[in-house]
Structures are given as C-alpha cells and as structure tokens.
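Dear colleague,

I am handing over the structure we spoke about, and below it you will find notes on what turned up when I went through it. Please read them with the model open beside you.

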Amino acid sequence: SHERLMRPLTANQKRTVARPTKTPTSNLVDIPVQLIHDLNKNWFLYPGQAEVAKAVFADGKRLVFLQCGRKYGKTTVMLYCLVRWALTHPNAQVYWFAPKAKQAREIVWESQRLQTFVPKKYVTKIKNTEMRVVFFNGSFVKLDGSDEYEQYRGIEPDAAGYDELKDFDHRFDTSFRPNLGPKKAPLIVAGTPPRNDVSPGEMKFHALAEEAKRRKDGFYKECA
C-alpha cells in the first residue's frame with residue numbers, strides 16, 4: 001500500500017505513458033498531444049488516482065470528493081488535475097487551498113512541487129509572494145489558505161481544490177463556493193478520514209461528502 005503514491009518515475013523504470021483522456025470542449029482550444037505527454041511523462045497515476053482524473057476530464061464531474069489515507073497521494077493527484085486544467089484551458093484561474101496559507105507555502109510551495117510539475121517551457125512566470133505559477137496560455141495556478149477567505153469573495157475561478165477540508169476555516173466554503181457557479185468550475189475536495197467530532201470543519205466535510213454521493217455530477221471515492 002505504501003507504493004500507491006503518485007511519484008516521479010526513475011529513468012530506468014519501464015512503463016507505458018498514459019494516453020490523454022477525452023476532455024470537455026467548453027472553453028478549450030485544441031490540445032497538443034505533446035502537452036499531455038509532457039505532463040504525464042514524469043508522473044505515474046495508479047489506477048485509483050487515474051479514476052480521479054477520469055472523473056474530472058472524461059466524465060465532467062463538478063464535485064469530486066476523496067476521503068483517503070495519507071499514503072494515497074491526494075495532494076499530488078489534486079495538483080495534477082488542477083495543473084492539467086490550467087494547461088488545457090487558456091486564461092484559466094485555478095486555485096489550490098490548504099487550511100492555512102502558511103501550510104500551503106510549507107507543504108507545496110517551498111518544496112517546489114507546483115513550480116516544477118511541468119517542463120519549464122510551459123511556465124512563463126513564477127510569483128513567489130503570491131504563490132502563483134503562470135503558464136504559457138495565460139492560465140495560472142495559485143496556492144493559498146482558507147484563512148484568507150475574505151480575499152476570495154466575488155472572483156470567478158475555473159477550477160479549485162480544497163486539501164484537508166475538515167481543518168478549514170468554517171467561513172471559507174460559504175464565501176468561496178458560490179464563485180464556482182458562473183463558469184461551472186469543478187471543485188476537488190480531499191481529506192484524511194474525519195475524527196468524528198462536531199467541529200464546523202468536520203460537519204462541512206461530511207456535508208460535502210454526502211453532496212458528492214448524491215449529485216449526478218458528483219464523484220466520491222473512499223480509499224485507504
């Protein structure tokens with residue numbers, strides 16, 4: 001089970017490069033096969049993780065919910081989906097949120113995970129202060145925390161991800177999620193199994209999990 005993480009491939013590891021999945025055509029120009037190949041060539045999606053990408057790109061699910069243990073690689077598969085969305089949708093505004101902005105910087109930004117996710121030829125700007133990577137097509141992926149919820153009223157994102165929702169500021173989702181409506185933006189939510197308490201974060205975690213199970217455009221996956 002410890003080998004199920006999505007991880008960079010070694011030069012000697014033999015595999016077949018994943019074929020591009022069918023992507024919704026809304027707000028989309030022709031996608032060079034090379035772009036998807038370049039995104040996939042250094043990362044290997046295990047079957048359970050590939051289900052998530054399929055839900056987003058082939059099935060058009062707008063609420064994708066993952067309840068997974070720490071060995072699943074939830075943060076990386078979420079970043080994969082968000083970066084791929086940005087690369088394949090010109091001028092897209094894409095956001096990944098941790099519970100706190102400090103965690104976003106420590107967990108993802110300082111480790112260079114986002115900045116080096118794709119070859120440099122696709123990156124035009126790296127804005128350290130904003131934790132934002134801008135791509136060749138005008139799209140960007142920005143990292144932040146739920147504690148900055150006041151800054152996100154009224155924006156119109158094209159895709160977003162919540163990592164460890166149960167630890168979010170309980171005011172964040174109420175402020176942010178209505179912003180997804182204008183562009184029918186997908187939301188990917190991930191978290192480790194809840195602690196079964198009655199905190200606002202736990203209650204929101206359970207509510208969104210049930211919503212994902214119920215909605216026709218929802219996808220729910222529970223894994224070890």
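Met 131 is buried, with a relative accessible area of 5%, and it is found in the loop between strand E3 (123–127) and strand E4 (132–135). Its phi is near 55°, a positive value in a residue other than glycine, and I mention this because most residues other than glycine have a negative phi. Lys 184 also has a positive phi, of about 50°, although it is not a glycine; its place is in the loop between H5 and E7. Whereas Met 131 is buried, Lys 184 is exposed, with a relative accessible area of 57%.

Please keep in mind throughout that this is a predicted model. The mean pLDDT of the chain is 85, and 85% of its residues reach 70 or more, but there are two stretches that call for caution. Over residues 1–6 pLDDT stays under 50, and the model has 23 contacts beyond four places in sequence for them; over residues 9–29 pLDDT likewise stays under 50, with 34 such contacts in the model. Where pLDDT is low, the predicted coordinates should not be read in detail, and I have therefore drawn nothing from such coordinates.

The loop that holds Lys 184 also holds Asn 179, since that residue lies between helix H5 (172–176) and strand E7 (187–191). Asn 179 counts as buried because its relative accessibility is 7%, under the 20% cut-off for that class. What does its side chain reach at 2.5 Å? The partner is the backbone oxygen of Tyr 152, and a polar atom of the same side chain of Asn 179 lies 3.3 Å from the backbone nitrogen of Gly 154. Leaving aside neighbours within four places in sequence, Asn 179 is in contact with Tyr 152, Arg 153, Gly 154, Ile 155, Glu 156 and Pro 157.

Lys 74, in helix H3, is another polar residue worth a look, as it is buried with a relative accessible area of 9%. Its side chain makes a polar contact with the side chain of Glu 164, at 3.3 Å. Beyond four places in sequence, the residues in contact with Lys 74 are Asp 163, Glu 164, Ala 190, Gly 191 and Thr 192. The C-alpha atoms of Lys 74 and Val 52, which are 22 residues apart along the chain, are separated by 9.8 Å.

Turning to the interior, nonpolar side chains tend to be buried together in soluble globular proteins. Here the largest nonpolar core has 46 residues, and those with the most contacts inside it are Leu 66, Val 83, Trp 96 and Phe 135. Helix H3 (residues 74–88) supplies the largest share of this core, 10 residues. Apart from it lies another core, of 23 residues, which includes Tyr 149, Ile 155, Leu 208 and Ala 209. Leu 66 touches Val 52, Tyr 72, Val 77, Val 189, Ala 190, Gly 191, Phe 219 and Lys 221, not counting residues up to four places away in sequence. The buried residues of helix H1 (residues 33–40) are Leu 35, Ile 36, Asp 38, Leu 39 and Asn 40, and they pack against H3.

The structure also holds 17 aromatic pairs. One of them joins Phe 65 and Tyr 220, whose ring centres are 5.8 Å apart and whose planes meet at 20°, so the pair is stacked. Because Phe 65 lies in strand E1 (residues 63–67) and Tyr 220 in strand E8 (residues 218–222), the pair ties together parts that are 155 residues apart in sequence. Phe 65 is buried, with a relative accessible area of 0%, whereas Tyr 220 counts as partly exposed at 22% relative accessibility. Tyr 95 and Phe 97 form a stacked pair as well, at 6.0 Å centre to centre with 10° between the planes, and both residues are buried. These two belong to one aromatic cluster with Phe 140, Tyr 152, Tyr 162, Phe 168, Phe 172 and Phe 176.

Finally, two charged residues sit over rings. Lys 213 lies over the face of Tyr 220, at 4.6 Å from the ring centre, and the charged end of Arg 84 sits over the ring of Phe 57, 4.3 Å from its centre.

With best wishes

Conventions. Residues numbered from 1 in each chain as written. Predicted model: local features only at pLDDT ≥ 70, side-chain atom pairs only at ≥ 80, totals over all residues. Heavy atoms only, no water. pLDDT = per-residue confidence, 0-100. Contact = heavy atoms within 4.5 Å. Helix = DSSP H or I, 4+ residues; strand = E, 2+ residues; numbered from the N terminus. Buried < 20%, exposed > 50% of the residue type's maximum accessible area, 1.4 Å probe, protein only. Polar contact = N/O pair within 3.5 Å; in protein donor to acceptor, adjacent residues only side chain to side chain. Core = buried A, V, L, I, M, F, W, Y, C linked by side-chain atoms within 4.5 Å. Phe/Tyr/Trp six-rings, centres within 6.5 Å; stacked < 30°, edge-to-face > 60°. Lys NZ or Arg CZ within 6 Å of the ring centre and 35° of its normal.
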